[in-house]
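Please open the model in your viewer and keep the selection panel handy. We will walk through it stop by stop, and at each one you will hear what to select and what is there.

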Amino acid sequence: MSIQFAVVTLSVVLAIFAVVGGFLLYVYWGLVQRPTPKASDRLELDGLETAVEILLDKHGIPHVYAKSRHDLFLAQGYLHARDRLWQMEQNRRIGRGTLAEVFGESALEVDRFSRIVGFRRAAAAEAVQLDAETRATLEAYVTGINRYLALHSGRLAAEFNLLRIVAEPWSVEDVVTLHKLLAWSLSVNWESELTRL
């Protein structure tokens with residue numbers, strides 16, 4: 001093998017690595033980094049009664065300061081959507097029994113279980129019986145989530161981009177469904193607790 005052939009081969013290999021590396025960097029930036037929230041964002045949200053201050057500590061944990069319950073929960077909904085939208089979407093799909101729409105046949109058993117237990121049915125029945133204060137709190141929270149979705153359409157968490165999922169608006173019923181699912185997941189050790197009692 002001649003030296004000239006080796007140099008040409010090495011140049012081709014390096015060019016291929018550069019193209020593949022550039023493509024992977026583009027995919028990483030477009031799908032992962034671009035949707036990442038910025039710590040110094042200043043935002044005007046419709047629906048707030050007064051200004052809300054959100055401070056991030058050194059660990060990136062938000063601390064919300066608001067003058068009203070409505071503003072506090074609207075900001076909380078916005079922050080939850082900003083920081084945990086994919087987790088929220090997954091849990092909403094588990095509670096609704098629609099996980100297989102995203103993950104295919106492997107998630108059918110989870111969907112069947114959720115529909116048999118009836119997390120969504122129980123949430124629908126409870127949502128219509130909420131007292132006025134609780135309903136107002138949940139509506140403010142849902143408004144915050146939906147404001148985030150509206151302001152970041154097409155720029156959500158990487159999972160939405162990778163799986164090509166369009167995030168649907170949230171409802172009070174969705175939040176109550178998550179509470180039902182969370183209560184269920186926290187009660188799986190009821191037999192051992194009853195035995196200890």
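Accessible areas here come from the Shrake-Rupley method with a 1.4 Å probe, and for residues only the protein chains shown count as cover. Start with the whole protein chain as a surface: about 13,300 Å² is exposed, and carbon and sulfur atoms supply 61% of that area.

Two notes before going further. This is a predicted model, in which local features need pLDDT of at least 70 and side-chain atom pairs count only at pLDDT 80 or more, while totals for chains, interfaces and linings use all residues. Residues are numbered from 1 along each chain as its sequence is written, and side-chain values use heavy atoms, with hydrogens and water left out.

**Stop 1: the fold**

Switch to cartoon. Helices (H or I, at least four residues) and strands (E, at least two) are DSSP runs, numbered from the N terminus. You should find 9 helices and 2 strands in the protein chain, and the order along the sequence is α-β-β-α-α-α-α-α-α-α-α.

Now colour by burial, where buried means under 20% relative accessible area, exposed over 50%, and partly exposed in between (1.4 Å probe, protein chains only). Of the 197 residues in the protein chain, 28% count as buried. A contact means heavy atoms within 4.5 Å; among contacts between residues at least 6 apart in sequence, 63% join residues at least 24 apart.

**Stop 2: the nonpolar core**

A nonpolar core is a set of buried Ala, Val, Leu, Ile, Met, Phe, Trp, Tyr and Cys residues joined through side-chain atoms within 4.5 Å. Which members of the largest one touch the most other members? Select Leu85, Ile145, Leu149, Leu156, Phe160 and Trp170, out of 25 residues in that core. The elements giving two or more residues to this core are α2 (69-96), α6 (132-151) and α8 (172-185).

Centre on Leu149 next. Setting aside neighbours within four places in sequence, Leu149 is in contact with Leu85, Leu156, Ala167, Glu168, Pro169 and Trp170.

**Stop 3: aromatic pairs**

Rings of Phe, Tyr and Trp (its six-membered ring) pair if their centres lie within 6.5 Å; planes under 30 degrees apart count as stacked, over 60 as edge-to-face and the rest as tilted. The structure holds 5 aromatic pairs. Pick out Tyr78 and Tyr148: their ring centres are 5.2 Å apart and their planes at 75°, so this pair is edge-to-face. The pair links distant parts of the chain, with Tyr78 in helix α2 and Tyr148 in helix α6, 70 residues apart. Both Tyr78 and Tyr148 are buried.

Then select Trp86 and Phe103, another edge-to-face pair, at 6.4 Å centre to centre and 70° between the planes. Trp86 lies in helix α2 and Phe103 in helix α3 (residues 100-103), so the pair ties together parts that are 17 residues apart in sequence. Trp86 is buried at 12% relative accessible area, whereas Phe103 is partly exposed at 35%. Add Phe160 to the selection to see the cluster that ring pairs make of Trp86, Phe103 and Phe160.

**Stop 4: salt bridges**

Side chains of opposite charge can pair when their charged atoms come close. A salt bridge is a side-chain nitrogen of Lys or Arg within 4 Å of a carboxyl oxygen of Asp or Glu, and the structure holds 13 of them.

- Glu168 and Arg96 meet at 3.2 Å, N to O. Glu168 lies in the loop between α7 (158-163) and α8 and Arg96 in helix α2, so the pair ties together parts that are 72 residues apart in sequence.
- Arg120 and Asp174 meet at 2.5 Å, N to O. This pair links helix α5 (residues 119-127), which holds Arg120, to helix α8, which holds Asp174, 54 residues apart. Arg120 is partly exposed at 21% relative accessibility, whereas Asp174 is buried at 1%.
- Glu126 and Lys180 have their closest N and O atoms 2.3 Å apart. Glu126 is in helix α5 and Lys180 in helix α8, 54 residues apart.

For the wider view, select Glu89, Arg92, Arg93, Arg96, Glu101, Arg120, Glu168, Glu173 and Asp174, which are linked in a network of salt bridges.

**Stop 5: a surface patch**

Patches are made of residues with over 30% relative accessible area and no salt bridge, with like charges joined within 9 Å and nonpolar side chains (Val, Leu, Ile, Met, Phe, Trp, Tyr) within 5 Å. Finish on Phe113, Val117, Trp184 and Val188, a nonpolar patch on the surface with about 360 Å² of accessible area together. Phe113 lies in helix α4 (residues 108-117) and counts as partly exposed at 40% relative accessibility.
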